[in-house]
Amino acid sequence: YTYHDSRLINNEFFVVTCNNLNNVINELDNAYYDNCINPNGVITMYKYNLDTKELNKVEVITSYSALLYASENNFYIVSTNYANRYYSFISIIDYDLNPVGSVKVEGNILNQFSMDEHNNYLRVVSIDRNKGPLNVNQISIFSLETLERVGYLNEGIGLEGHTVRSVRYDEDTCYVVTYMNKDPLYEIDLTDVTNPKIVSIYESPGYSTYLHTFVINNQKY
């Protein structure tokens with residue numbers, strides 16, 4: 001098993017590992033399948049209680065890769081599969097290691113900051129290089145009640161050929177930096193989850209790989 005990521009939440013330690021599906025296919029017991037195309041890997045999440053020393057785990061049959069985002073309510077484990085078309089599959093696991101379900105987006109997801117859970121919705125920024133040069137970057141909004149995609153925007157996030165380099169969510173706003181030779185910062189209004197829209201753009205030389213919000217004199221920046 002290959003270590004990929006971990007989180008310490010309260011007094012419980014969570015560890016994510018990956019393995020080739022063929023190596024462990026005979027050892028799996030009640031594993032969760034995230035519906036990815038041609039699965040070739042198993043992602044295992046372990047939960048270790050530092051007080052009781054109790055160890056539990058959940059296994060997800062998926063692709064051999066892992067990207068982890070932890071919200072206040074759930075874990076989101078991303079895997080990518082190149083079969084047929086380039087998709088990223090997101091398995092949703094609650095803190096008791098119960099599978100909630102899975103969703104998929106076109107393209108790949110840059111890092112954990114590209115995902116956010118807010119008001120029972122999952123917002124995801126992804127990069128799909130199979131689309132046209134002005135439609136590469138996209139944001140998808142999923143209802144966590146139905147796991148259906150309720151909102152989608154894939155036009156205008158980035159100049160021609162630009163790809164996402166950093167993302168930051170702030171309640172009902174999403175900020176995205178894309179880059180090729182300039183650094184447009186896009187402010188995307190997510191208030192209406194069924195109709196995300198770009199409300200402002202700022203350009204500067206270079207590009208940002210991390211975005212952070214802060215407050216000075218009651219003004220948010």
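In the predicted model, Val15 has Tyr46 of strand 4 as its bridge partner. This pair belongs to strands 2 and 4, since residues 12–20 make up strand 2 and strand 4 spans 41–49. Strands 2 and 4 run antiparallel and are joined by nine bridges. Pairing between strands of a sheet takes place through backbone hydrogen bonds, in either a parallel or an antiparallel manner.

Both strands are part of an open, five-stranded sheet with mixed pairing, in which the strand order is 1-2-4-5-3. Its edges are formed by strand 1 (2–9) and strand 3 (32–33), each of which pairs on one side only.

The loop that leads from strand 4 to strand 5 (55–62) contains Leu50. With a relative accessible area of 33%, Leu50 is partly exposed. Together with Leu8 and Phe13, Leu50 makes a nonpolar surface patch of about 260 Å².

The interior was examined next. The largest nonpolar core comprises 16 residues, and those with the most contacts inside it are Val125, Ile139, Cys174, Val176 and Ile188. At least two residues of this core are supplied by each of strands 11 (121–127), 12 (137–143), 14 (163–170), 15 (173–179) and 16 (185–189). Strand 14 provides the largest share, three residues. Beyond residues up to four places away in sequence, the contacts of Cys174 include Val125, Ile139 and Ile188, as well as Val167, Arg168, Tyr169, Tyr186, Glu187 and Leu190. A second core, separate from the one described above, has 15 residues, among them Met45, Val58, Ile93 and Leu97.

How values were computed
Residues numbered from 1 in each chain as written. Predicted model: local features only at pLDDT ≥ 70, side-chain atom pairs only at ≥ 80, totals over all residues. Heavy atoms only, no water. Patch = residues over 30% accessible without salt bridge, like charges linked within 9 Å, V, L, I, M, F, W, Y side chains within 5 Å. Areas by Shrake-Rupley, 256 points an atom, 1.4 Å probe, with all protein chains shown as cover. Salt bridge = Lys/Arg side-chain N within 4 Å of Asp/Glu carboxyl O. Helix = DSSP H or I, 4+ residues; strand = E, 2+ residues; numbered from the N terminus. Buried < 20%, exposed > 50% of the residue type's maximum accessible area, 1.4 Å probe, protein only. Pairing = 2+ DSSP bridges. Core = buried A, V, L, I, M, F, W, Y, C linked by side-chain atoms within 4.5 Å. Contact = heavy atoms within 4.5 Å.
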